[in-house]
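I opened my notebook to record what I looked up in this structure. The entries follow in the order I made them.

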Amino acid sequence: MPHTVADPAAMLTAIANVPTLSGDDTIHSALEFVRSHLGMEVAYLSEFIGDDLVFRAVSAPGFEDTAYVGATMPLDDVYCRHILAGRLPELIPDTANEPLCRDIPLTSAIPIKSHVSVPIRRRDGSAYGMFCCLSRTAKPDLTQRDLAVMRAFAGLSAEQVNGRIAERVTYDTTATAIKAILQSRDFDVVYQPIMDAAARRPKGFEALCRFRAQPYRPPNLWFDDAATVGLQADLEICVIEQALIALNQLPPSIYVSVNASPATVASGRLGDVFKHWPAERIVLEVTEHSMVDCYDSLLSELDTLRFRGVRLAIDDAGAGYSGLQHIVRLHPDIIKLDISLTNRIDEDIVRRSLGAALVRFAVEINAAIVAEGIETEGELTTLHDLGVPLAQGYFLGKPADLATAKAWFDDTAATEGCTG
Ligand code: C2E
Ligand code: MG
Ligand code: MG
């Protein structure tokens with residue numbers, strides 16, 4: 001690229017692992033457009049890092065060896081600081097007419113004969129870098145209108161850059177928050193009974209996480225956040241470790257149901273977590289909030305866990321991605337009917353028909369059914385009539401702390417009827 005002095009290698013150093021903007025089509029198109037509009041050889045978008053300038057996006061056909069993303073140059077050697085300070089104009093049709101340009105060795109080394117450069121500013125007004133075009137030939141015809149075009153495209157690119165900066169800030173904030181939660185285990189686990197509806201006794205408890213951070217956010221949002229910063233499995237496993245402690249405190253006939261995403265199951269890390277506990281008292285609820293990437297590793301890990309005695313439940317059946325195809329492939333021990341299906345099932349013929357179909361389907365594949373989100377007697381009765389013996393919902397018991405879960409068994413006579 002034209003910003004090359006006698007020894008380009010000394011001037012331009014590739015920075016390993018710098019985040020680049022090269023993949024951003026909008027910036028690249030903007031650079032290509034202004035470069036060809038101005039009839040120049042090189043266009044780039046730079047970022048200031050300390051006392052250096054780093055190329056973040058480049059359009060320089062034929063000059064790729066020296067003008068490339070990640071190349072860096074000392075700010076003292078280039079025009080940028082002078083332009084920002086007003087010592088050089090943004091539009092320089094002929095560097096020969098600018099005494100300061102003549103004093104900068106780079107001008108003759110490349111050579112730079114014409115130069116158009118405008119700052120890219122962050123949202124707080126500080127300079128992020130420059131949007132720059134240069135040529136080995138003087139361009140006396142360049143006008144203020146060309147500079148206006150350059151500014152327009154620089155503004156467009158600044159929007160992209162600032163979007164990236166905002167994304168980065170969000171990412172860092174999220175990662176910091178999730179790491180802090182992991183470190184201090186800043187959450188509680190609550191337990192919601194899964195009831196034998198006829199006997200009105202718990203058969204098991206679903207462990208649900210409550211993050212303590214204020215203002216309160218539903219747990220699935222925290223797990224989604226953790227996934228965006230690559231910490232989903234860490235957070236889910238941390239919660240499961242905590243949740244399973246209840247097995248020590250609940251009667252041996254009672255199971256604990258824990259939630260995990262397909263990605264966490266596929267990671268192969270659950271085997272280690274479960275090995276400390278009686279597998280037959282663990283139900284693993286797999287919820288999908290996005291398409292499963294790799295069924296092979298998910299199925300193979302599930303096989304291993306189930307071989308040891310862990311039971312598999314498909315969570316939220318009838319909603320989102322937990323469709324029939326997913327259920328067929330995973331062949332679960334338990335199907336949990338989502339609240340969207342059970343809500344007002346007593347008043348809605350369509351929901352009732354779908355519920356009945358899923359019950360028949362479950363019988364065929366030898367799976368048990370748990371109805372989730374039961375809020376009324378009517379819903380419970382309807383599901384019971386459809387052949388769903390197990391139910392969970394506010395009507396039967398809200399998620400509560402472990403002491404409350406244990407209190408279900410204070411009356412020992414009541415627990416005698418419980419089976420696993
Ligand atoms: P889920 O696993 O399907 O859990 C059932 C959700 O329904 C829970 O919401 C529960 O509090 C709520 N619920 C129970 N009964 C009723 C009812 O009668 N009516 C209504 N409207 N809601 C009821 P919660 O605890 O807010 O959790 C939401 C989702 O967050 C969970 O859905 C699960 O996908 C995820 N989640 C919660 N805890 C964990 C966890 O420890 N690990 C993982 N991986 N995911 C979790
Ligand atoms: Mg669940
Ligand atoms: Mg559910």
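**Entry 1: α6 against α8**

I began with a helix contact in this predicted model. I found I178, I181 and L182 of α6 meeting D234, L235 and C238 of α8. I sorted that contact by class and got 5 nonpolar residues, no polar ones and 1 charged.

Next I looked up the geometry. Helix α6 covers residues 144-184, and helix α8 covers residues 232-244. I read an angle of about 25° between the two, with the axes 10 Å apart. Angles under 35 degrees count as roughly parallel. I therefore noted α6 and α8 as roughly parallel to each other. I also checked the hand of the crossing of α6 and α8, and it is left-handed.

**Entry 2: α7 against α8**

I stayed with α8 and turned to its contact with α7. Which residues of α7 meet α8? I listed W222, F223, A226 and A227. On the α8 side I wrote down Q232, L235, E236 and V239. By class, this contact of α7 with α8 has 6 nonpolar residues, 1 polar and 1 charged.

L235 appears in my notes on α6, and I met L235 here in the contact with α7 too.

Helix α7 runs over residues 219-228. Its axis and that of α8 come within 7 Å and cross at roughly 140°. I therefore entered α7 and α8 as oblique to each other.

**Entry 3: the domains**

I looked up how the protein is divided. Domain 1 takes in 8-169, and domain 2 takes in 185-419. I noted 56 Å between the C-alpha centres of domain 1 and domain 2.

**Entry 4: the magnesium ions**

I went to the magnesium ion (ligand 2). Which residues coordinate it? I found E206 (OE), N259 (OD1), E285 (OE) and D315 (OD), at 2.0 to 2.2 Å. Along the chain, the donors of this ion, ligand 2, follow the spacing E-x52-N-x25-E-x29-D. I placed E285 in strand β10 (residues 282-286) and D315 in strand β11 (residues 311-317), so the pair ties together parts that are 30 residues apart in sequence.

Then I took the magnesium ion (ligand 3). I listed D315 (OD), D316 (OD), E372 (OE) and E372 (OE) as coordinating it, at 2.0 to 2.4 Å. E372 is written twice in that list. The donors of ligand 3 follow the spacing D-D-x55-E along the chain.

What bridges the two magnesium ions, ligand 2 and ligand 3? I found that D315 does. I noted 4.0 Å between the two ions.

**Entry 5: backbone details**

I stayed with D316, a donor to ligand 3. Where does D316 lie? I placed D316 in strand β11. I looked up its phi and found a positive value of about 55°, although D316 is not a glycine.

Last, I checked for cis peptide bonds. I found one joining I110 and P111, with omega about -5°. P111 sits in the loop between α5 (105-109) and β5 (114-121).

I found a cis peptide bond between Q214 and P215 as well, with omega about -5°. I located P215 in the loop between β8 (201-211) and α7. That took me back to α7, the helix I had noted as oblique to α8.

Definitions and conventions: Residues numbered from 1 in each chain as written. Chains lettered and ligands numbered in written order. Predicted model: local features only at pLDDT ≥ 70, side-chain atom pairs only at ≥ 80, totals over all residues. Heavy atoms only, no water. Axes fitted to C-alpha atoms, helices over the stretch in contact; angles between N-to-C directions. Helix = DSSP H or I, 4+ residues; strand = E, 2+ residues; numbered from the N terminus. Parallel < 35°, antiparallel > 145°, perpendicular 65-115°, else oblique. Left-handed = near helix turned anticlockwise from the far one by under 90°. Contact = heavy atoms within 4.5 Å. Nonpolar A, V, L, I, M, F, W, Y, C, P; charged D, E, K, R; others polar. Domains from an automatic or database assignment. Donors = N, O, S within 2.8 Å, 3.2 Å for Na, K, Ca; no water.
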